Amino acid sequence: MIYNDLALFVSVARHLSFSEAAESLGIPLSRVSRRIAGLETQLGVRLFERTTRHVRLTEEGRRLFDQSQGAVEALQNVAGILELPAQQTIRVTASPLAARVSIGPRLLAFAADNPTVRFDLIAANANLDFFRDNIDLAFRLGPLEDSNLIARRLWSVPYRFCAAAGFCKAHGVSGVVSREVLLGLPAVCTQQAWILSNGERLQPSKVAHVLDDLNLVADAARMDFGVALLPEDLVRDGLVPLEVSDVPPVSRDMYAVYPSRRLLPDRMRRLIDFMAA
């Protein structure tokens, strides 16, 4: 019965652990997992995102838990628990630069056409954890490493090697430079190596500064601290692009990343389609 399944759900939500819920209720773990999966199927929404080590409530799960944690409601009230609220939250993360330049404006355009959607945007250079940080959707530049996640390519972001004109003059850089010369110049980097379109990683030998913000990297390059690899949009205001003879044009793909396709909420599906259009 759905009442019993809701009671199981409340226990798992309180513990954020299927095994602890099973132990507290004195029933097999397999039964808890099977009944929760059945409840999700019956309600038509995903209540938990889970891996072998982590469990978190989805937006629908949080809403259901808020309604039923004190005492499991009578069966006639259950159907109303998951009716669409006035606003539906999507918890999103992107890098600060992407949040300002590309992701943020698109999210606002989507919100303007979808007044029932509320965004909770976290701008962070580090890749936040979907479970620990309670993230619904992440926008990340490739190449992606976690094959357990679902990723949809959105668009390409062209990058250029660049430096300030004064730096180029001081280091005798002009015309086309070789890879060897490039990697021997002082450089300003983020915490990642320079990643080429083919996935190859270049590591400059003389790193002047490691700065975990691309705007700050651009500012440092303008101050003659070194060469940098930056999105093409940032190569301006005193920065000049460098042509490297044996390095292909650099481009990195932007992806929408999320934990699972199963019972993906309609608002998420519509947002991803909007971002990819």
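A polar contact is a pair of N or O atoms within 3.5 Å. The exercises below use this cut-off and a few others on a predicted model.

**Exercise 1. Describe the surroundings of Ser 95, beginning with the polar atom of its side chain.**

Step 1. Place the residue. Ser 95 is in the loop between β3 (88-94) and α6 (96-113).

Step 2. Apply the cut-off. The backbone nitrogen of Ala 98 is 3.1 Å from a polar atom of the Ser 95 side chain, and a polar contact requires N or O atoms within 3.5 Å.

Step 3. Classify the exposure. Ser 95 has a relative accessible area of 25%, so the residue is partly exposed.

Step 4. List the contacts from farther along the chain. Leaving aside residues up to four places away in sequence, Ser 95 touches Ala 124 and Asn 125.

Step 5. Add a distance. Between the C-alpha atoms of Ser 95 and Asp 253 there are 14 Å, and 158 residues separate the two along the chain.

**Exercise 2. Classify the ring pair Phe 9 and Phe 48, and state which parts of the chain the pair ties together.**

Step 1. Start from the whole structure. A search finds five aromatic pairs.

Step 2. Take the geometry of this pair. The ring centres of Phe 9 and Phe 48 are 5.4 Å apart and the planes meet at 50°, so the pair is tilted. The angle is neither under 30 degrees, as for stacked rings, nor over 60, as for edge-to-face rings.

Step 3. Locate both rings. Phe 9 belongs to helix α1 (residues 2-15) and Phe 48 to strand β1 (residues 48-50), so the pair ties together parts 39 residues apart in sequence.

Step 4. Check the exposure. Phe 9 is buried at a relative accessible area of 0%, and Phe 48 is buried at 0% as well.

Step 5. Extend the pair. Phe 9, Phe 18 and Phe 48 form one aromatic cluster.

**Exercise 3. Is Glu 49 buried or exposed, and which residues does it touch?**

Step 1. Place the residue. Glu 49 is in strand β1.

Step 2. Compare with the cut-off. The relative accessible area of Glu 49 is 9%, and buried means under 20%, so Glu 49 is buried.

Step 3. Find a polar partner. The side chains of Glu 49 and Arg 46 make a polar contact at 3.1 Å.

Step 4. List the other neighbours. With residues up to four places away in sequence not counted, Glu 49 touches His 54, Val 55, Arg 56, Thr 58, Phe 131, Pro 259 and Ser 260.

**Exercise 4. For three salt bridges, give the N to O distance and the elements that are joined.**

Step 1. Start from the total. The whole structure holds 17 salt bridges.

Step 2. Take Arg 50 and Glu 40. Their closest N and O atoms are 3.3 Å apart. Arg 50 lies in strand β1 and Glu 40 in helix α3, so the bridge ties together parts 10 residues apart in sequence. Arg 50 is partly exposed at 27% relative accessible area, whereas Glu 40 is buried at 0%.

Step 3. Take Arg 153 and Asp 253. Their side chains meet in a salt bridge at 3.3 Å, N to O. Arg 153 is in strand β6 (residues 150-164) and Asp 253 in strand β15 (residues 250-258), so this bridge ties together parts 100 residues apart in sequence. Arg 153 counts as partly exposed, at 43% relative accessibility.

Step 4. Take Glu 232 and Arg 160. Their salt bridge spans 3.7 Å, N to O. Glu 232 is in the loop between β12 (228-231) and β13 (239-241) and Arg 160 is in strand β6, so that distant parts of the chain, 72 residues apart, are linked. Glu 232 is partly exposed at 37%, and Arg 160 is partly exposed at 23%.

Step 5. Look for shared partners. Glu 59, Arg 62 and Arg 63 are joined into one network by salt bridges that share partners.

**Exercise 5. Over which rings do the charged ends of Arg 106 and Arg 252 sit?**

Step 1. Take Arg 106. The charged end of Arg 106 sits over the ring of Trp 155, at 4.0 Å from the ring centre.

Step 2. Take Arg 252. The charged end of Arg 252 sits over the ring of Tyr 159, at 5.7 Å from the centre.

Step 3. Check the distance cut-off. A charge over a ring must be within 6 Å of the ring centre, and the 4.0 Å of Arg 106 and the 5.7 Å of Arg 252 meet this.

Terms used
Residues numbered from 1 in each chain as written. Predicted model: local features only at pLDDT ≥ 70, side-chain atom pairs only at ≥ 80, totals over all residues. Heavy atoms only, no water. Phe/Tyr/Trp six-rings, centres within 6.5 Å; stacked < 30°, edge-to-face > 60°. Helix = DSSP H or I, 4+ residues; strand = E, 2+ residues; numbered from the N terminus. Buried < 20%, exposed > 50% of the residue type's maximum accessible area, 1.4 Å probe, protein only. Lys NZ or Arg CZ within 6 Å of the ring centre and 35° of its normal. Contact = heavy atoms within 4.5 Å. Polar contact = N/O pair within 3.5 Å; in protein donor to acceptor, adjacent residues only side chain to side chain. Salt bridge = Lys/Arg side-chain N within 4 Å of Asp/Glu carboxyl O.
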